[in-house]
Amino acid sequence: MSTTTAKNGGGLGLTRKDFQSDQVVRWCPGCGDYAILAQMQKVLPTLEIPREKFVFVSGIGCAARFPYYMDTFGFHTIHGRAPAFATGVKVSNPDLSVWVISGDGDALSIGGNHLIHSMRRNVGVKIVLFNNRVYGLTKGQYSPTSLLGSRTKSTPIGSVDYPLHPLTLALGAECSFVARTTDRDQKHMAAMFEEMANHEGTSLLEVLQNCIVFNDGAWHKFTEKGMKEQNVIYLEDGQPLVYGPEDDRKGVSLEDYKVRIVEADSPDVTVHRVDDEAGGYAHILSRVELEGGPVPLGVLRKVERPPFEGLMVDQVAAAQEKGEGDIDALLNSGDTWEHH
Amino acid sequence: MAESSGKNGAEKQLVELETVAIRFAGDSGDGMQLTGDRFTNAAAIAGNDLSTFPDFPAEIRAPVGTLAGVSGFQINFSSRDIHTPGDAVDVLVAMNPAALKTSIGDLKSGGIIIANVDNFGQKNLAKAGYESNPLEDEEFKGNYDIHEVKITSMTRQALEDMELQSNLADRCKNFFALGLMYWMYSRPLEPTKQWIEEKFGKRPEFVQANTRALEAGYFFGENTEVFTSNYIVREATYPAGRYRNISGNVALAYGFIAATKKMGINLFWGAYPITPASDVLHELSRHKNFGVQTFQAEDEIAAVSAALGASFTGSLGVTCSSGPGIALKAEAMGLGVMTELPMVIADIQRGGPSTGLPTKTEQADLLQVMFGRNSESPLPVVAAATPGDCFWTAIEACRLAVKYMTPVVVLSDGYLANGSEPWLLPKASDIPEMPVAFHTDPEGFLPYNRDSETLARPWAIPGTPGLEHRIGGIEKEDRTGNVNYEPENHEFMVRTRDKKIAGIAKDIPPAEVIGEASGKVLVIGWGGTFGAITAAIEALQARGASVSQVHLRHLNPFPANLEEVLGNFEKILVPELNLGQLSKMLRYQYLIDTISFNKIQGKPFKVGELITKIEELL
């Protein structure tokens, strides 16, 4: 472990550099992934978690190369299955801080099954979903989050698939921490990483990420100056849903589960709360932009539920309390007889 | 040998027999598996050698009375050493016409039929495809010793005063049949009564009803004049010691528990329910006090993936399935080969391809586990020979997985999984100590630095300071494990992975020849055919035939002496429950001729079939 002094205020003396591996980063110049990597390497040293406790698990895709660039333990696995590998890691050693790095194809197409089941089990893994609405590594086919009519390599006259909405899916799968950020908003992303690091149970963070080669500008409305102010709402627990530039503030009302844009000072403006156990409010919140509203960034839902690995470990511990396993006793259990 | 035993008036002959095979057959809801299981226990307690063969349909409750719904349980028990459930049965307990029809072909000429005639009405006969009642057919009657017993109505009578609903009373009829068989083969009722007490203790009316039905069957045998003799099969002379009856699936579960305990690491079991492998998951989920974690995954891929993730983290990850599930796991198994992590994949084979015959046995996954992954992806393959051997095979697989840092496949099959035999209980001290030492020294650590002898890389688990490293499915650079696309490096790594697995041949026992070391015919087998092949060889060797036997546990790599052994025989016969998969492997590896003997019926070999085939070659 490095002994260099802290530069980011971390209590363990770790720095950003300690989390940079010696491998050359091979994403396309200008790719949004660089910003995500940089933020991760900045945030981890501040968490007071020893470096050897971090494990980054990924599947296949551009995002999946992420673990190679982190000087932590890392496992670059197979397409779509990272949440399943991460489940095995976390359950084997719940003390580890386990992160899954995935993309919209990896997590939502080939790996949809593992994603939903890890979330409903509430496995304590931190899933960062890089959503760029396109397949990058296979060079530009449409993905499960691509918009209807997307013209891509495999849909030259437009796709006829309706897209999936990752956060709505996560809420439907009972995910206990659901959040969104963008690759252009460094501070916000860092805050989200920190919140995830401290959450017990599954956390899912959708990062609106730009693929500069195959889908440039997919999220510009929400990331670029001059546009994002009108189109983004930052969520704060206990604060009203208001957004917009200083001179044109607006509010969002979700009363009766209908999205309405109202004046910022209207009494109808909904006050955000992250602890929505029933999930109905979080559900409609995850669809605000689909109804013509701004895209919510921040924590949509954060509820406490005992994580899977804890329940698993507790069961083993309870069984062992009654007496640890003994091979001879096991073999001699049941109907046995002495043959002379 | 016969002695008379006069009890309660009826004068009966007690006849001593060496070996008896019985099949209990009825509707899948008739409790035939339970009946067979209890009879097996009684035979075991009596000290018989025995072998069982449960044979049931894939449907949980196929339409009542149909051929598709017949569930059978065959047990062969003997006062001598036996290896199979018997080619043909001496006694058939047929609870309905469909059971009679599906099993009659396996009943010896002159064999005993106990038919529950209450179920032999027109409707049931028609469902089984009988135009008339075979029990009334003169020719049929001449061929067998038929006992028409009103099992259902006599059970109802016995429970008459209990005011049970008639469907509840009818569910006790299997105990009546069991009681009758206990009388016929001179077995005490007490252990079964005790078992009923334990099993149904919470429902006193069930305890009473089942016990009464059991007794009624027994007394019926004793008192009726229909049965003129009953039988005794004395204790077998197998090695002294403490025994239990064990099925392959339970033995397999125990093997994994014992191996990981000896290694001092936790067992992580990732599985998705599939016939006939689910029982291993069920068994393991009861033994969490060994530090066993059982994970019922969302699918087969998640099961193997989680297992490999657990292995990366220092548990021994094991996944267990059958052919269709193994197909789904192939990519993750390949990742295990690439990342050189220990893992065991158990394949309880069943009839295929595709869904095939889920409840029937076959050994046709050998080539799948050898080659069913993309590119050059070698891994060790071991196979269990008997139900009890599943225990030792699991331990061997774990040993190889950890010592060589590789996924290992264990092959079992439906016949071994559900069949059972008396098993001489090993002691924990019989199992070698296999302590695991994780790598901890950061000095000069490289994730793909190999042990010079085994070529295994270090097992360096997350949480160890200074050993932070990345592994994954992309080709590794030698020693560093970094991503590397260099042509020469790739070839070197492919060859090294291959060499590592091939080198295991030095670390496994040589092939052992049973019989003369050279001669006319060598019969070479693997897996669950061991019992039938052994019985055939023993019979032929007793007659002085020049035939020897080799049974392989290690299928990849083969034992180092195998080529030499094969060279000492004029003819090599390879009996397999597939189209010749081991046969192909022996041919390409050693450029020798082999004679395949194949059966693909979802059923094990009969000893007689093997004897006939071997005799052709002598």
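Here are some worked exercises on a predicted model, mostly about chain B and its contact with chain A.

**Exercise 1. Work out how far the predictor trusts this model, and where it does not.**

Step 1: Start with the complex. The predictor gives an ipTM of 0.96 and a pTM of 0.94.

Step 2: Go down to chain B. Its average pLDDT is 95, and 98% of the residues score at least 70.

Step 3: Look for the weak spot. Over residues 1–9 of chain B the pLDDT drops below 50, though this stretch still has 14 contacts in the model beyond near neighbours in sequence.

**Exercise 2. Decide how compact chain B is for its length, and describe its overall build.**

Step 1: Take stock of the elements. Chain B has 21 helices and 23 strands.

Step 2: Compare radii. The globule rule gives 25 Å for 618 residues, and the radius of gyration of chain B is 27 Å, which is close, so chain B is as compact as a globular protein of that length.

Step 3: Add the box. Along the principal axes, the C-alpha atoms of chain B fill roughly 90 × 60 × 45 Å.

Step 4: Check the packing. Of the 618 residues in chain B, 55% count as buried. Now take the contacts between residues at least 6 apart in sequence: 75% of them join residues at least 24 apart.

**Exercise 3. Place strand β22 of chain B among its neighbours, and say why it is largely enclosed.**

Step 1: Count the buried residues. The strand covers residues 569–576, and six of its eight residues are buried, so the rest of the structure largely encloses it.

Step 2: Find one partner. Strand β19(B), residues 519–526, runs parallel to β22(B) and is joined to it by four bridges. Here B:L522 stands opposite B:I572.

Step 3: Find another partner. β23(B), residues 595–598, also pairs with β22(B) in the parallel sense, over four bridges. B:P575 stands opposite B:F597, while B:E576 has B:N598 as its bridge partner.

Step 4: Put the connection in. With helix α20(B), residues 581–590, β22(B) and β23(B) make a β-α-β unit, and the unit is right-handed.

**Exercise 4. Describe the contact between chains A and B, then find a pair of strands that bridges the two chains.**

Step 1: Count residues. Chain A puts in 54 and chain B puts in 62.

Step 2: See which elements of chain A take part. Those giving two or more residues to the side touching chain B are β2 (73–76), α2 (82–92), α4 (112–121), α10 (308–321), α11 (327–331) and β12 (336–339). The largest share, eight residues, comes from α2(A).

Step 3: Sort that side of chain A by chemistry. You get 21 nonpolar, 22 polar and 11 charged residues.

Step 4: Look for strands that pair across the chains. β2(A) and β18(B), residues 470–472, do so in the parallel sense over three bridges. A:G74 stands opposite B:R470.

**Exercise 5. Track down the backbone oddities in chain B: cis peptide bonds, and positive phi at residues other than glycine.**

Step 1: Check omega. The bond joining B:G352 and B:P353 is cis, with omega about 5°, and B:P353 lies in the loop between β14 (343–349) and α14 (366–371). B:N556 and B:P557 are also joined by a cis peptide bond, with omega about -10°; B:P557 is in the loop between β21 (554–556) and α19 (562–567).

Step 2: Check phi. B:S186 isn't a glycine, yet its phi is positive at about 55°. It belongs to the loop between α7 (173–184) and α8 (190–200). B:M405, also not a glycine, has a positive phi of about 50° and sits in the loop between α15 (389–404) and β16 (407–413).

Step 3: Are these two buried or partly exposed? B:S186 has 17 C-beta neighbours inside 10 Å, so it counts as partly exposed. B:M405 has 23 other C-beta atoms within 10 Å, so it is buried.

**Exercise 6. Characterise the surroundings of B:A330.**

Step 1: Locate the residue. B:A330 is in helix α13(B), residues 323–339.

Step 2: Apply the cut-off. A residue is buried if 20 or more other C-beta atoms lie within 10 Å. B:A330 has 20 such neighbours, so it counts as buried.

Step 3: List the contacts. Leaving out residues up to four places away in sequence, B:A330 touches B:G372 and B:R373.

Step 4: Take one long distance. B:A68 is 262 residues from B:A330 along the chain, and their C-alpha atoms are separated by 33 Å.

Terms used:
Residues numbered from 1 in each chain as written. Chains lettered and ligands numbered in written order. Predicted model: local features only at pLDDT ≥ 70, side-chain atom pairs only at ≥ 80, totals over all residues. Buried ≥ 20, exposed ≤ 12 C-beta atoms within 10 Å, placed from the backbone. Pairing = 2+ DSSP bridges. Right-handed = clockwise from strand over helix to strand, strands pointing away. Contact = placed C-beta atoms within 7 Å. Nonpolar A, V, L, I, M, F, W, Y, C, P; charged D, E, K, R; others polar. Rg over C-alpha atoms; globule rule 2.2 N^0.38 Å. pLDDT = per-residue confidence, 0-100.
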